[in-house]
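The exercises below are meant to be worked with the sequence and the model at hand. Each task is followed by a solution in steps.

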Amino acid sequence: PHARRLGYLAEQIDTWYGFALLLAGRDEQAAQRLRRAVDVMQRSERILWLPTAAVYLAEAEWRLGDEEAADRAADVGLDAARRQGSNHMLLQALADFPAVVARRIDAEPVADSPWHELGRALIAQDVAVEAPVRASVLLLEFGACTLLVDGDEVRPRIAKTYELLAYLAAARPEARAHRDELLDALFEGRADESSRAYLRQAVRWLRQVLPEGGVHVEKGEVRLGDAVVVTSESARFEAALAQAARLRGAGRLAATLSALEVFDRGEYLPEFGSRWVEERRERLREQATDARYEAAELAFAGGRLGEAKQLVGEVLRVDPLREAAWRLTMRLASALGDEDGVIRAYRRCEQALATVGASPGPTSRQLLERLRR
């Protein structure tokens, strides 16, 4: 009773008493203790032992038949570990009840979730996790090619292997391609013996660097296996842009800029120049330019004029024919009190469009007149 007067001790008492009750099979009493511990820790912002208490509560709620409450508790523990910047306490608790992580892995729609990472970490510590934990494969494509398997870099001897994996990873959701399709995309349609042998070597090295079952070849078709979950940097970039598009205002601007940081690391697959790579590179460049223009508009709307000016300048450097970006440049000059800048932007727009035999449309001309009044 005296110890319970101190909140930080009371919550630890409830955590360890709840743990003992779980071991004794007294699940309802354990849940009561652990709910109280988690609630107090959350309200008081004391998160040191929160991953532990939350995992134990997840086990108690599951035993009592409340799956949603169990999932919520497990996610509280994951979030607390994220805030701590360490998975140490979380992994210790999950080692006591590995079924918690197994259930969360089963519930995840994708196989590269934080729960999968925790499952792999437990397996590395010789903790039995009764759930399929596939190897995580990440292909970094911007600026340089790097292939990571469960966080460790692997290096295929043939550079074409990176391009092959990039192609398969982009072929979502099937992640497969026929040999003739690969020859057409990666070897400019050449089907001579030399090209076929080069493709066979690329496939062989991909099988070498990925875990067993990571690549299957059958009847001329190459596909990624269920033993791995492959994520590419470009796919993450596209997913981040899609996620940003669902937001609004400052949140959308921040998410868009964060996604663009990935693209800005360098050229996509810089060492390769096949037709497929060039087409993929151009699609990604168009997506990035569209997103950057939207970010410039959001920055302008939010009064962040300097940032908007920098962003729209980068857009026009890549796409000088984007008339809407010239109009934003005119609006920015006007907002900064630079009337000469308004006229200068319009003239530069005229010059850029003249290179393709076009001229500014009525919207741009009307904007010029309105801003000059």
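**Exercise 1. A link between distant parts of the chain**

Is Glu188 buried, partly exposed or exposed, and what is its relative accessible area? Determine also which residue is the salt-bridge partner of Glu188.

*Solution.* The model is a predicted one.

Step 1. The relative accessible area of Glu188 is 38%. Buried requires a value under 20% and exposed a value over 50%, so Glu188 is partly exposed.

Step 2. The side chain of Glu188 forms a salt bridge with that of Arg275, at 3.6 Å from N to O.

Step 3. The two partners come from distant parts of the chain, 87 residues apart. Arg275 belongs to helix α13 (residues 275-301), whereas Glu188 sits in the loop between α9 (179-186) and α10 (193-209).

Step 4. Arg275 is partly exposed as well, with a relative accessible area of 33%.

**Exercise 2. Further salt bridges of helix α13**

Establish where the partners Arg292 and Asp264 lie, and then treat the pair Glu278 and Arg281 in the like manner.

*Solution.*

Step 1. Between Arg292 and Asp264 there is a salt bridge whose closest N and O atoms are 2.8 Å apart. Arg292 is part of helix α13 and Asp264 is part of the loop between α12 (249-263) and α13, so the salt bridge ties together parts that are 28 residues apart in sequence.

Step 2. Arg292 has 10% relative accessibility and therefore counts as buried. Asp264, with a relative accessible area of 45%, is partly exposed.

Step 3. Glu278 and Arg281 also form a salt bridge through their side chains, at 3.2 Å from N to O. Both residues lie in helix α13, three residues apart, which is about one turn of the helix.

Step 4. Arg281 is buried at 6% relative accessible area, while Glu278 is partly exposed at 40%.

Step 5. Elsewhere, Asp27, Glu59, Arg63 and Arg103 are joined into one network by salt bridges that share partners. In the whole structure, 36 salt bridges are found.

**Exercise 3. The sheet and its edges**

In what order do the four strands of the open sheet stand? Explain why one side of β3 and of β7 is left without a neighbour in the sheet.

*Solution.*

Step 1. The order is β3-β2-β1-β7, with mixed pairing. β3 (152-154) and β7 are the edge strands; each has a single partner strand, so one side of each has no neighbour in the sheet. From one strand to the next, the twist averages 30°.

Step 2. β1 (residues 135-140) and β7 run parallel and are joined by five bridges. Across this pairing, Leu139 is opposite Ser232 of β7.

Step 3. β2 (residues 146-149) and β3 run antiparallel, with three bridges between them. Here Leu147 has Val154 of β3 as its bridge partner.

Step 4. In a regular strand, side chains alternate between the two faces of the sheet. In β7, Val228, Val230 and Ser232 point one way, and Val229 and Thr231 point the other way.

**Exercise 4. Enclosed elements**

Why can strand β7 be called largely enclosed? Carry out the corresponding reasoning for helix α8.

*Solution.*

Step 1. Strand β7 covers residues 228-232, and five of the five residues are buried; the strand is therefore largely enclosed by the rest of the structure.

Step 2. Helix α8 covers residues 160-170, of which 10 of the 11 are buried, so this helix too is largely enclosed by the rest of the structure. Among the buried residues of α8 are Lys160, Tyr162, Glu163 and Leu168.

**Exercise 5. The second largest pocket**

Which element gives the largest share of the lining of the second largest pocket?

*Solution.*

Step 1. The second largest pocket holds about 340 Å³ of space. It is lined by 15 residues, and the closest to its centre are Lys309, Thr329, Gly341, Ala345 and Arg348.

Step 2. The elements giving two or more residues to this lining are α14 (305-318), α15 (323-335) and α16 (339-354). The largest share, five residues, comes from α14.

Step 3. Sorted by class, the lining has seven nonpolar, three polar and five charged residues.

Definitions and conventions:
Residues numbered from 1 in each chain as written. Predicted model: local features only at pLDDT ≥ 70, side-chain atom pairs only at ≥ 80, totals over all residues. Heavy atoms only, no water. Buried < 20%, exposed > 50% of the residue type's maximum accessible area, 1.4 Å probe, protein only. 1 Å grid on protein atoms, 1.4 Å probe; cavity = no way out; pocket = protein on both sides within 12 Å on 5 of 7 lines; lining within 4 Å. Points joined across faces, edges and corners; volume = space filled by probe spheres on them. Nonpolar A, V, L, I, M, F, W, Y, C, P; charged D, E, K, R; others polar. Salt bridge = Lys/Arg side-chain N within 4 Å of Asp/Glu carboxyl O. Pairing = 2+ DSSP bridges. Axes fitted to C-alpha atoms, helices over the stretch in contact; angles between N-to-C directions.
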